[in-house]
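Colleague: Could you take one part of this model and go through it closely, namely the side-chain contacts made by rings and charges? I would like to know where each partner sits and how far each is covered.

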Amino acid sequence: MVTAQVSLPLPVLPEGWSAPSDFKAIGTLSTPNQRNLEPVGPHFLAHARRKRHKRTFSEDERIQAQENVKKVEDEDEDDISEPENELMLGRDAKDWKNQDHYAVLGLSKHRYRATDSQIKRAHRKKVLRHHPDKRAATGSSEDDSFFKCIQKAHEILTDPVKRRQFDSVDEGANVDPPSKKSAAKSPNAFYKLWGPVFESEGRFSKVQPVPLLGNDKSTKEDVELFYNFWFNFESWRSFEYQDEDVPDDNENRDQKRHVERKNNNARKKKKTEDTARLRQLVDDCLAGDERIKKFKKEARADKDKRRLDREAGEKRVLEEAKKAKEEKERLLKEKEEAEKAEKAEGKKAKEAAKNAAKKNKRVLKGSVKDANYLLPKGEEAGAKRIDEVLGDVETVMGKIDNEELAALAGKLNGLKVAEEIGGVWMEEVQRLEGNGKLKAGEVKVLVS
């Protein structure tokens with residue numbers, strides 16, 4: 001290591017300087033020490049590099065610039081490196097509106113997803129490779145047309161308004177919808193092919209985030225949310241980028257207004273066509289979505305089940321009502337039959353009671369006949385006597401009911417002796433008089 005001796009004398013005081021009258025020293029200088037200083041830093045390293053390789057300042061700067069370019073290219077090789085074809089390198093800078101700005105900067109696979117940092121790095125890489133000074137230094141005959149394309153692409157993509165206008169018409173980011181045949185190859189092919197299509201179209205949505213297509217396990221609510229979103233899609237696409245250039249001169253104002261109207265009409269037409277295109281795309285996806293068919297089938301099955309349940313319930317109610325009606329009719333019929341039978345039994349009993357009463361009355365009348373109308377034996381009863389006895393019998397029979405009549409007939413039945421028959425009648429008349437049913441003297445012959 002080289003040691004250098006450096007002498008640092010104290011600064012010389014200016015002429016005419018004098019210490020203030022009130023100056024007071026508060027300390028003394030320390031004892032000087034001898035120290036070793038080592039050369040360090042980027043400038044010393046650059047000096048050492050030039051000495052070692054025996055280069056001049058200009059030669060060293062040129063070589064270092066080339067190494068920096070290679071270093072930058074190697075660093076960006078991962079995500080913003082794309083091959084350059086002859087067609088792109090030969091583009092006319094004046095036709096910048098038709099150039100693919102992302103492809104010019106090597107960002108084709110990123111496009112609208114490219115970050116500001118990626119755009120900056122891609123631009124630096126392209127500038128280091130295609131700068132006119134570097135081309136001239138390497139002896140290349142390539143003109144600066146592509147370099148102007150690079151600068152224009154950088155200008156468009158670093159301006160948020162201009163970049164949004166370019167993204168509005170960037171067809172390079174579009175994903176073509178699959179055919180029916182390719183989407184139907186396998187159960188997952190539909191979602192795998194249609195998913196990127198809607199992901200690409202979703203970049204134009206005013207509402208973010210955009211719902212995903214999902215898969216065969218998505219719920220009915222998620223699927224309905226997806227299609228409702230796209231059927232009511234709100235796009236920010238404006239198509240200004242494709243406008244015809246408006247003259248900047250103030251002399252031809254009519255021409256300027258004409259071009260502006262023409263551009264506005266063209267935008268509206270493109271907007272309408274894009275809306276129709278998107279609607280047709282959603283219709284095509286909906287037509288091939290097996291989930292919709294499954295949900296419709298389930299809805300029909302549920303509807304049929306509810307209809308069958310309803311019909312079964314109505315049928316059950318009708319059957320119960322029918323059974324209730326039949327039961328009611330049966331009970332009514334049984335009641336009527338019971339009443340009819342009871343009525344018949346009553347009539348029969350009444351008839352039997354009537355016949356029994358007639359029979360008993362015959363027994364009562366026959367008893368007085370058998371007793372010779374209560375006259376002594378051998379004495380013949382005249383008509384008057386018969387009428388008087390039978391009249392008293394009729395009076396007694398009129399005062400008693402059928403049970404008493406039957407009891408009286410039971411006492412008289414089988415009696416043949418006139419005194420016994422007369423005694424029974426005597427007891428009956430006395431009983432009736434005792435009960436108040438007969439008045440004294442109302443029956444005369446039977447008690448004489």
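Modeller: What follows goes through the ring pairs, then the salt bridges, and then the charged patches on the surface. Please keep in mind throughout that this is a predicted model.

I begin with the rings, for which a search of the whole structure finds 15 aromatic pairs. In one of them, phenylalanine 166 and tyrosine 241, the ring centres are 5.3 Å apart and the planes stand at 70°, so the arrangement is edge-to-face, given that planes over 60 degrees apart are counted in that way. Because phenylalanine 166 belongs to helix α8 (residues 160–168) while tyrosine 241 belongs to the loop between α11 (220–231) and α12 (253–288), this pair ties together parts that are 75 residues apart in sequence. Phenylalanine 166 has a relative accessible area of 5% and is therefore buried, and tyrosine 241, at 6% relative accessibility, counts as buried as well. Another aromatic pair, tryptophan 230 with phenylalanine 233, is stacked, with 4.7 Å from centre to centre and 5° between the planes. Both tryptophan 230 and phenylalanine 233 are buried. Tryptophan 230 and phenylalanine 233 also belong to a cluster that is linked by ring pairs, and the other members of this cluster are Phe190, Tyr191, Trp194, Phe198, Phe226, Tyr227, Phe229 and Phe231.

The charged side chains come next. Side chains of opposite charge can pair when their charged atoms come close. With a side-chain nitrogen of Lys or Arg required to lie within 4 Å of a carboxyl oxygen of Asp or Glu, the count comes to 33 salt bridges.

Three of these pairs can be followed in detail, beginning with glutamate 84 and lysine 126, which form a salt bridge whose closest N and O atoms are 2.4 Å apart. This pair links distant parts of the chain, since glutamate 84 is in the loop between α2 (57–75) and α3 (86–89) and lysine 126 is in helix α5, 42 residues apart. The two partners fall into separate classes of cover: glutamate 84 is partly exposed, with a relative accessible area of 23%, whereas lysine 126 is buried, with a relative accessible area of 5%, the boundary for buried being under 20%.

Arginine 267 and aspartate 243 likewise meet through their side chains in a salt bridge, at 2.3 Å from N to O. Here too distant parts of the chain are linked, with arginine 267 in helix α12 and aspartate 243 in the loop between α11 and α12, 24 residues apart. Arginine 267 has a relative accessible area of 26% and is partly exposed, while aspartate 243, with a relative accessible area of 13%, is buried.

For the side chains of lysine 365 and glutamate 394, the salt bridge has an N to O distance of 2.8 Å. Lysine 365 lies in helix α13 and glutamate 394 in helix α14 (residues 383–399), so this pair ties together parts that are 29 residues apart in sequence. Lysine 365 counts as partly exposed at 34% relative accessibility, and glutamate 394 is partly exposed too, with a relative accessible area of 39%.

Beyond these pairs, there is a network of salt bridges in which Glu201, Arg237, Asp274 and Arg277 are linked.

Finally, some charges gather with others of like sign on the surface. A patch of positive charge there is made up of Lys350, Lys354, Lys358, Lys359 and Arg362. Of these, lysine 354 is found in helix α13 (residues 290–370), and at 47% relative accessibility lysine 354 counts as partly exposed. A patch of negative charge, also on the surface, gathers Glu336, Glu337, Glu339 and Glu342. Glutamate 339 has its place in helix α13, and with a relative accessible area of 42% glutamate 339 is partly exposed. Helix α13 therefore holds lysine 365 of the bridge to glutamate 394, as well as lysine 354 from the positive patch and glutamate 339 from the negative patch.

Note on methods. Residues numbered from 1 in each chain as written. Predicted model: local features only at pLDDT ≥ 70, side-chain atom pairs only at ≥ 80, totals over all residues. Heavy atoms only, no water. Patch = residues over 30% accessible without salt bridge, like charges linked within 9 Å, V, L, I, M, F, W, Y side chains within 5 Å. Areas by Shrake-Rupley, 256 points an atom, 1.4 Å probe, with all protein chains shown as cover. Lys, Arg positive; Asp, Glu negative; His and termini not counted. Charge placed at Lys NZ, Arg CZ, Asp CG, Glu CD. Helix = DSSP H or I, 4+ residues; strand = E, 2+ residues; numbered from the N terminus. Buried < 20%, exposed > 50% of the residue type's maximum accessible area, 1.4 Å probe, protein only. Phe/Tyr/Trp six-rings, centres within 6.5 Å; stacked < 30°, edge-to-face > 60°.
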